[in-house]
Amino acid sequence: MPKVHINRSILIKAAPEKVFESLIDFRQWAVWSPWLILENRPTVEYAEDGLSYRWSGNRIGEGVMRISSKNPSREVTYDLAFVKPYKSKAKIVFNLVVEGQHTAVTWKMNSSLPFFLGWMKKSLVANLSADYDRGLLMLKDFLEKGEVPSELVEEGMVTYPGCKYVGTTTECALEDMANVMEQDTKELSFWIDNEELDIVGEPLTIYHKLDRVKSQCAFTVAVPVREIPGALPDPFHEGK
């Protein structure tokens, strides 16, 4: 069966003892887990011995994780078993190494896919790596600031009335997306202000591609306007 390996790391300004306590207390996982936050009301059950917990939800499936071994302030190993969306098992490991006033936290997973899902290995590894990175950032916030500034808001299905817009389209690496989007927005806003165009709605972003495997994305930063001006300078274009 196709093997799956994840290995992600982060530096956290906290003593390894503090990090370790958060990793072995599953009730704290509810605060920084990159998956539990995807559900408004996930079902979570904690074992009386504190060594395992079980979860279920519409988006996160169903499974159980148990601590299999621990070396205080250095390493924690877990056995992970998924029931839904398909049955699978994985070995999870956290390694902690002191680096000055920080603790280097490495989160690893070793698993395998059913043979009939081998075709999705690359996308699965890319998406799980993103999940692990998000989880480590949330753990860092929790341990350094005492809270995670993250919230799930479900707005449901909405109808967009449509618009004419002026925008600029860019393709770049995923890791550059935030900086590129910020720069595109500044340039577009500056031009629209100088042209004194009549803005008729909130700015928007249209995503054309989000490829985690190749780490590429393409998007259009746009502003709804009442009328499109006669000629648009590069790199701006009109759309509907």
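Is S73 buried or exposed? In this predicted model, S73 has a relative accessible area of 19%, and because buried means under 20%, S73 counts as buried. The residue is placed in the loop between β4 and β5, and S73 takes a positive phi of about 65 degrees although it is not a glycine. A positive phi is also found at E196, where the angle is about 55 degrees and the residue is again not a glycine. E196 is placed in the loop between α4 (177-195) and β9, and with a relative accessible area of 68% E196 is exposed.

The strands on either side of the S73 loop also take part in the lining of the largest pocket, as β4 (61-71) and β5 (75-84) each supply at least two of its residues. This pocket has a volume of about 690 Å³. Its lining consists of 32 residues, of which W35, I60, F82, L124 and L128 are the closest to the centre of the pocket. Apart from β4 and β5, the elements that each give at least two lining residues are β3 (52-57), β6 (88-99), β7 (102-112) and α3 (121-145). The largest share, five residues, is contributed by helix α3. Sorted by class, the lining holds 22 nonpolar residues, together with seven polar and three charged ones.

Several of the strands that line the pocket are also joined to one another through antiparallel pairing. Strand β2 (residues 43-46) pairs with β3 in the antiparallel sense over four bridges, and within this pairing Y46 stands opposite Y53 of β3. The hairpin of β2 and β3 has five residues between the strands, and in this hairpin G50 adopts a positive phi near 75 degrees. Strand β3 is in turn joined to β4 by six bridges, the two strands running antiparallel, and R54 has V64 in β4 as its bridge partner. Between β3 and β4, which likewise form a hairpin, there are three residues.

Helix α1 (residues 16-24) has P16, V19, F20, S22, L23 and I24 as its buried residues. The cover over these residues includes helices α2 (26-32) and α3 as well as strands β4, β5, β6 and β7. Two residues of α1, P16 and V19, are among the contacts of T103, a residue placed in strand β7. T103 has a relative accessibility of 0% and therefore counts as buried. Its side chain reaches the backbone oxygen of A14 at 2.6 Å. Beyond residues up to four places away in sequence, T103 touches I10, L11, I12, A14 and A15, in addition to P16, V19, L96 and V97.

A further set of contacts involves S9, which is found in strand β1 (residues 3-12). When residues up to four places away in sequence are left aside, S9 touches V105, T106 and L136, and the side chain of S9 makes a polar contact of 2.8 Å with the side chain of T106. The C-alpha atoms of S9 and L96 are separated by 9.8 Å, although these residues are 87 residues apart along the chain. In helix α3, D141 is buried, with a relative accessible area of 18%. Residues up to four places away in sequence not being counted, D141 touches G146, E147, V148 and P149.

Turning to the later part of the chain, strand β9 (residues 204-211) and strand β10 (residues 216-224) pair in the antiparallel sense over seven bridges. Within this pair, T205 stands opposite V221 of β10. The hairpin formed by β9 and β10 has four residues between the strands, and in this hairpin S215 takes a positive phi near 55 degrees. In the loop between β10 and β11 (236-239) lies P235, and the peptide bond leading from D234 to P235 is cis, with omega near 5 degrees.

Key. Residues are numbered from 1 along each chain as its sequence is written. This is a predicted model: local features need pLDDT of at least 70, side-chain atom pairs count only at pLDDT 80 or more; totals for chains, interfaces and linings use all residues. Side-chain values use heavy atoms; hydrogens and water are left out. On a 1 Å grid over the protein atoms alone, a cavity is a set of points where a 1.4 Å probe fits but cannot get out, and a pocket is an open set with protein on both sides within 12 Å along at least five of seven lines; lining residues have an atom within 4 Å of a point. Grid points are joined across faces, edges and corners, and a volume is the space filled by probe spheres set on the points. Ala, Val, Leu, Ile, Met, Phe, Trp, Tyr, Cys and Pro count as nonpolar, Asp, Glu, Lys and Arg as charged, and the others, Gly among them, as polar. Buried means under 20% relative accessible area, exposed over 50%, partly exposed in between (1.4 Å probe, protein chains only). A polar contact is a pair of N or O atoms within 3.5 Å; within protein, one must be able to donate a hydrogen and the other to accept it, and residues adjacent in sequence count only if both atoms are side-chain atoms. Contact means heavy atoms within 4.5 Å. Two strands pair if DSSP finds at least two bridges between them.
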